[in-house]
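Welcome! Take a moment to look over the sequence and turn the structure around before reading on.

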Amino acid sequence: MGSILVTGGAGYIGSHTVRVLLAQGAQVVVLDSLVTGHKEAVPAEVPFYLGDICDAGLVKTIVESQEVEAVIHFAARSLVGESMAKPDLYFYENTAKTNLFVSNLLQLGVNKIVFSSTAAVYGLPETVPISEESPTSPINPYGLSKLMIEASFHWLEKAYGLKWVALRYFNAAGASLDGSIGEEHLPETHLIPLVLKAALGQRDAIQVFGTDYNTLDGTCIRDYIHVLDLAEAHVLALKALDQQSNSGVYNVGTGQGYSVLQVITSAKKVTGIDIPVVEVARRSGDPDVLIAKVAKIEKTFGLKTRYSDLETIIASAWRWHQNNPDGYKSKS
Ligand SMILES: NC(=O)c1ccc[n+]([C@@H]2O[C@H](COP(=O)([O-])OP(=O)(O)OC[C@H]3O[C@@H](n4cnc5c(N)ncnc54)[C@H](O)[C@@H]3O)[C@@H](O)[C@H]2O)c1
C-alpha cells in the first residue's frame, strides 16, 4: 500500500486528520508551506515537506519517493474577509494553484483526491437544511475559489478518470481529546476559539453580531462538527474513492444547529467562567441559519459523528486553550 499525501497537514483540520490516519495504520506524508500552519502540529514520525503545492518538482519528488497513492488536499487560504479585500489572491492560491497541483498529480499517475470544500459555496440558501442539490451561489471570492475547483473536477474525471470527493464542511470545531493540538488561526475568526479566548481573559468580551435574526433567540444558528468527526469523514471518503461512482460533492456537518447564544451558554458551563458578552450590530452576509443535510455522506460513506455534541466540542477546545493559552510556539 502506498502513502497518503496530506497537503495543509500542519493546519487545524489537516493535523487532526493526520492523527486519525496514523491511528488507522495509514502511511502519511505532509506537504505544507506553513503560511498559516504550525510544524509542531505534525507528529515527528511523519515525513514533512516544507513547500508549496504549486512546486511541481517538489510534488514529483514526494509522489515518487513516498509512493503516494492518494491525496487529501486541505492547503488553502480561508479568510472570507481577506478574500473580499483580495479576490485575486484567493483565485490564485486556492483555484489556480490547486488546478496546477491536480494536473501534476494526474501526470504522475495519482488520480484519487479528497478536497476541502466549504458550505460557503451555497451563499445565502433559500431553504435549510441545505442539501447537495441546493443551488450554489457563493457571496464571497473564497466560496467561489472552492466552487470552481469542484466544477473542474467533473471535467478532469471525464478526461482523465480523476476519482474525487469534495467535502463541503460546515463549521469545524473542537480539538484533539487530549488537548495536545487544536485550533489556531491568525487572525482568529471562528466563534468557539473567540469565546474561549474571552474566557481566558485574552479578549475583553465576546461580540454577538446581531440579536434580531429569525431564530429562537435572535442569534445566528450554525452546524458545528467536531474536527475528529470531520477527520473521520476524510478517511471514509478516501476508502470510498476506489469506486468511481462515489465521486462527487458531500456535505459534512451534523444536521443540527446551535445558536451563538447557545454556544456561549455552553462555554460558560464548561469553563465555569461568566464570559462577558457584548451585543453589536449585524454583519452583512450572515444568513440566519446554516444547517447541512447529511443523509448523503451518512448513507454513502457510513459517517456517524461521535464527538459533535456541543459540550464535547467545547470541552475539548477548552482543554487545548487552557494547555496552550498562547497557541503553538511557532507562529506563521
Ligand atoms: N475551519 C473551518 O471551519 C473550515 C470550513 C470550511 C472549509 N475549510 C477548509 O478546510 C481547509 C483547512 O482549513 P483549516 O481551518 O485547517 O485552515 P488552516 O489555515 O489551519 O490550514 C491550512 C494549511 O494549509 C497550508 N497551506 C496554505 N496554502 C498552501 C500552499 N499553497 N502550499 C502548501 N501549504 C499551504 C497552511 O500553511 C496551513 O497549514 C481549507 O481548505 C479551508 O478552506 C475550513
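What covers the buried residues of H1? The cover includes strand S1 (3-7), strand S2 (28-32), strand S4 (68-73), strand S6 (163-169), strand S7 (171-173) and helix H7 (227-240). Keep in mind as you explore that this is a predicted model.

**The chain as a whole**

The protein chain contains 10 helices and 14 strands. Its radius of gyration is 19 Å, close to the 20 Å that the globule rule gives for 332 residues, so the chain is as compact as a globular protein of that length. Along the principal axes, its C-alpha atoms fill a box of roughly 55 × 45 × 40 Å.

Of the 332 residues, 55% count as buried. The protein chain exposes about 14300 Å², and carbon and sulfur atoms supply 52% of that area. If you look at contacts between residues at least 6 apart in sequence, 79% of them join residues at least 24 apart. As for charge, the chain has 27 positive and 35 negative charges, and the mean positions of the two groups are 2 Å apart.

**Two helices to follow**

Let us return to helix H1, residues 12-23. Its 12 residues should span 16 Å at 1.5 Å a residue, and its end C-alpha atoms are 17 Å apart, which agrees. Nine of the 12 residues are buried, so H1 is largely enclosed by the rest of the structure. The buried residues are Tyr 12, Ile 13, Gly 14, Ser 15, His 16, Thr 17, Val 18, Val 20 and Leu 21. After H1 comes Gly 25, with a positive phi near 85°.

Now find helix H5, residues 141-160. This helix has 20 residues and reaches 28 Å from its first C-alpha to its last, close to the 28 Å expected at 1.5 Å a residue. Its buried residues include Pro 141, Tyr 142, Lys 146, Glu 150, Phe 153 and Leu 156. What do the buried residues of H5 pack against? They pack against helix H3 (80-85), helix H4 (87-107), strand S5 (112-118), S6 and strand S11 (248-252). H5 is followed by Gly 161, whose phi is positive, near 75°. S6 is also part of the cover over the buried residues of H1.

**Three residues to visit**

The table lists three residues with their relative accessible areas.

| Residue | Relative accessible area | Status |
|---|---|---|
| Ser 116 | 5% | buried |
| Lys 97 | 7% | buried |
| Ser 137 | 43% | partly exposed |

Ser 116 sits in strand S5. Leaving aside neighbours within four places in sequence, Ser 116 is in contact with His 73, Phe 74, Lys 146, Leu 167 and Tyr 169. Of these partners, you have already met Lys 146 as a buried residue of H5.

Lys 97 belongs to helix H4. With neighbours within four places in sequence left aside, the contacts of Lys 97 are Asp 52, Ile 53, Cys 54 and Tyr 92.

Where is Ser 137? Ser 137 lies in the loop between S5 and H5. Apart from neighbours within four places in sequence, Ser 137 is in contact with Val 121, Tyr 122, Gly 123 and Leu 124. For a sense of distance, Ser 137 and Val 6 are 131 residues apart in sequence and 28 Å apart in space, C-alpha to C-alpha.

Key:
Residues numbered from 1 in each chain as written. Predicted model: local features only at pLDDT ≥ 70, side-chain atom pairs only at ≥ 80, totals over all residues. Heavy atoms only, no water. Helix = DSSP H or I, 4+ residues; strand = E, 2+ residues; numbered from the N terminus. Rg over C-alpha atoms; globule rule 2.2 N^0.38 Å. Buried < 20%, exposed > 50% of the residue type's maximum accessible area, 1.4 Å probe, protein only. Contact = heavy atoms within 4.5 Å. Areas by Shrake-Rupley, 256 points an atom, 1.4 Å probe, with all protein chains shown as cover. Lys, Arg positive; Asp, Glu negative; His and termini not counted. Charge placed at Lys NZ, Arg CZ, Asp CG, Glu CD. Expected span 1.5 Å × (residues − 1).
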